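Dear colleague,

Please find below the structure that I am handing over to you. My findings follow directly after it, with each term explained where it first appears.

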Amino acid sequence: MSQPTIESILHEGRVFNPPAAFSQQAYIKSLEEYQQLFDRAKANPTKFWEDLATKELHWFEKWHTVLDWQPPFAKWFDGGKINISYNCLDRHLTTWRKNKAALIWEGEPGDSRTLTYAQLHREVCQFANVLKHLGVQKGDVVGIYMPMIPEAAIAMLACARIGAAHTVVFGGFSAEALRDRLIDGKATAVITADGGWRKDAIVPLKDQVDKALADGVVPTVKNVLVVERTKQGVHMESGRDHWWHELQKQASADCPAEPMNSEDLLFVLYTSGSTGKPKGVVHTTGGYNLYTHMTTKWVFDIQDTDVYWCTADVGWITGHSYIVYGPLSNGATTLMYEGAPRASNPGCFWDVIEKYGVTVFYTAPTAIRAFIKMGEEHPNARDLSSLRLLGTVGEPINPEAWMWYHRVIGGERCPIVDTWWQTETGGHMITSLPGAVPTKPGSATFPFPGILADVVDLDGNSVGTNEGGYLVVRHPWPGMMRTVFGDDDRFRRTYWEHIAPVDGQYLYFAGDGARRDEDGYFWIMGRVDDVINVSGHRLGTMEIESALVSHPAVAEAAVVGKPDELKGEEIVAFVTLEGTAAPNDDLVKALKQHVVGEIGALARPAEIRFSDALPKTRSGKIMRRLLRNLASGQEVSGDTSTLEDRSVLDKLREGS
Ligand code: WTA
């Protein structure tokens, strides 16, 4: 199994129509209905979004301007007053949903908890008061470094409730990576746990926070709140560290949601790009609320009877938009699972589906490929008949994996939504609507209504049918990122100038290649920049190179991706050493560990290759294309005439 290639998918002729029974009860019931919605949105995007914002969300005060577009800076519903925590909680309390399950949680060791909307609201209000009491204010940034437990969602909603922005850092990131993010965000508090369960072991989150904050390098952080989860005993620094449960107990449950400006900061989420350090992607309140609400409603076709489960971690955008905000804004039941499939429990996902009668299931192609390897017997031994809709996200899904998902998990009756989107886009951009759009295995199908996506060349001209090009968006949308935290210039350079604006027309481009087939279906071809996608996680080659070079033995490093059956891509690092250092197995181990320490286990190189020199152009640029060929054991292809020293290539080839 491999990533879809143009050859494999050009021959993909299978088409799956939405099952009639599904379409009948869906919000969007036919291709014609989708087309009408799409055309209406295209003809007048502002009116389209304005109508939905009026109908679907609660506003304390109405906006004065629907869209203020000063390319590349957008303001949506400016002047409007809104609170996303109000939309996710309070407004459901005056309906029958008050006592409906809002959050179902299953812990890795088998403990579980269900919170109704009324209970979740109470917990959020109390914790919001805890934050206020500690001096956290509207406009502050709060770091969240948590396992997958209800308190992670409660913390996010509590921040939103009082107008503090959260910056969630995935619990798999190292203390170093956490520190960088807290410094960049100028965080005033950190919310964490003593530890989290991960594959039958404890991740010592609080120890990592202590390391990140050591020596006063993050002076802005005044308070650390600690959930007691694993009870293994942690250091508590007096005056700085507080137990969640102790403060929560004393806090009042009365905390009205703060009316926020639509364009007030909701959160910052760091993600990797092709240059420099991870950047803080900025999302604001009103537009993000509307966009995640609408995509959850139409793409997952969320109904009140659904038990919806997204397997992502809240540390990623998928967890933000589709575990917490989108589902809760819709009054849905969202399930959160702390565990991950592991040798001791390869059927755990299917147990969760059976136990709770999950109806909508959203996961990543890398997980599906891992399940294929583990064998059909695990899902086959469970009752998965409650499922009615499946989704995927994170990387292109190869048609074989799609077919397996359809057959073994979906019992050939569940539509599959393949959702293309990014941290930057806030929500789904190209995806089928399950009751309306016939699917082709491996294609994300069509843009969401209101999204004007296109495939273009470097001059911004649309390319022809089945011609590869850059995937772009031609009109702003409510869920789009507003800027890079603290760096408007980087925002402009990274996303809006790669394809030069023509006649004042700005195109959003965030690094993927795509093509459209003869039926107008989009096929995502993967990143065309120096971003590697390992198990659906984005990593910049530059970040990993910087981590390697910070080791005293390393003179220079170049990192490339190599196709991998399970993970999509694997990290291969080419390294030249400082004069005295000797290439050996111990050094390989040490360098891998060094990268883990600098970034986290997700960035551990699969392979490190030593070399005397790296292939460079005469102007000194590393020719990664050649390294990619070498890493994947292919013949070096294409032009090598710009190489400064051809013998470097021969040596690297011999060494491989
Ligand atoms: C890739 C995750 C193909 C893509 C939501 C994108 C996909 C990057 C798909 C964003 C998909 C995500 N098909 N590729 N359905 N979904 N990608 O920011 O390369 O972690 O640019 O957001 O993942 O990753 P991010």
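Three elements each supply at least two residues of the shell around the ligand: helix 12 (317–329), strand 20 (416–419) and strand 24 (522–527). Helices (H or I, at least four residues) and strands (E, at least two) are DSSP runs, numbered from the N terminus. The model is a predicted one, in which local features need pLDDT of at least 70 and side-chain atom pairs count only at pLDDT 80 or more, while totals for chains, interfaces and linings use all residues. Residues are numbered from 1 along each chain as its sequence is written, and side-chain values use heavy atoms, with hydrogens and water left out.

The ligand has 17 residues around it, of which Asp418, Thr419, Thr423, Asp512 and Arg538 come nearest. A residue is counted here if one of its heavy atoms lies within 4 Å of the molecule. By type, the shell consists of 6 nonpolar, 6 polar and 5 charged residues. In this division, Ala, Val, Leu, Ile, Met, Phe, Trp, Tyr, Cys and Pro are nonpolar, Asp, Glu, Lys and Arg are charged, and the others, Gly among them, are polar.

Which atoms of the protein approach the nitrogen and oxygen atoms of the ligand? An N or O atom in the side chain of aspartate 418 is 2.7 Å from a nitrogen atom of the ligand, and a polar backbone atom of glutamate 395 is 3.3 Å from a ligand nitrogen. An oxygen atom of the ligand lies 2.9 Å from an N or O atom in the side chain of glutamine 422. On its own, the ligand has 530 Å² of accessible area, and the protein covers 96% of this (Shrake-Rupley method, 1.4 Å probe).

I also examined the empty spaces. On a 1 Å grid over the protein atoms alone, a cavity is a set of points where a 1.4 Å probe fits but cannot get out, and a pocket is an open set with protein on both sides within 12 Å along at least five of seven lines; lining residues have an atom within 4 Å of a point. A volume is the space filled by probe spheres set on the points, which are joined across faces, edges and corners.

There are 3 cavities of 30 Å³ or more, and the largest holds about 50 Å³. Its lining includes Phe170, Arg181 and Trp316, and divides into 7 nonpolar, 1 polar and 1 charged residue.

The second largest pocket contains about 320 Å³ of space. Among its 17 lining residues, Ser274, Thr494, His498, Phe509 and Asp529 are the closest to its centre. Helix 17 (488–496) and strand 23 (508–516) each give two or more residues to this lining.

Finally, the count of salt bridges (a side-chain nitrogen of Lys or Arg within 4 Å of a carboxyl oxygen of Asp or Glu) comes to 38. In one of them, lysine 297 pairs with glutamate 56, with the closest N and O atoms 3.0 Å apart. This pair links distant parts of the chain, 241 residues apart: lysine 297 belongs to helix 11 (residues 285–299) and glutamate 56 to helix 4 (residues 45–56).

Yours sincerely

Definitions and conventions: Polar contact = N/O pair within 3.5 Å; in protein donor to acceptor, adjacent residues only side chain to side chain.
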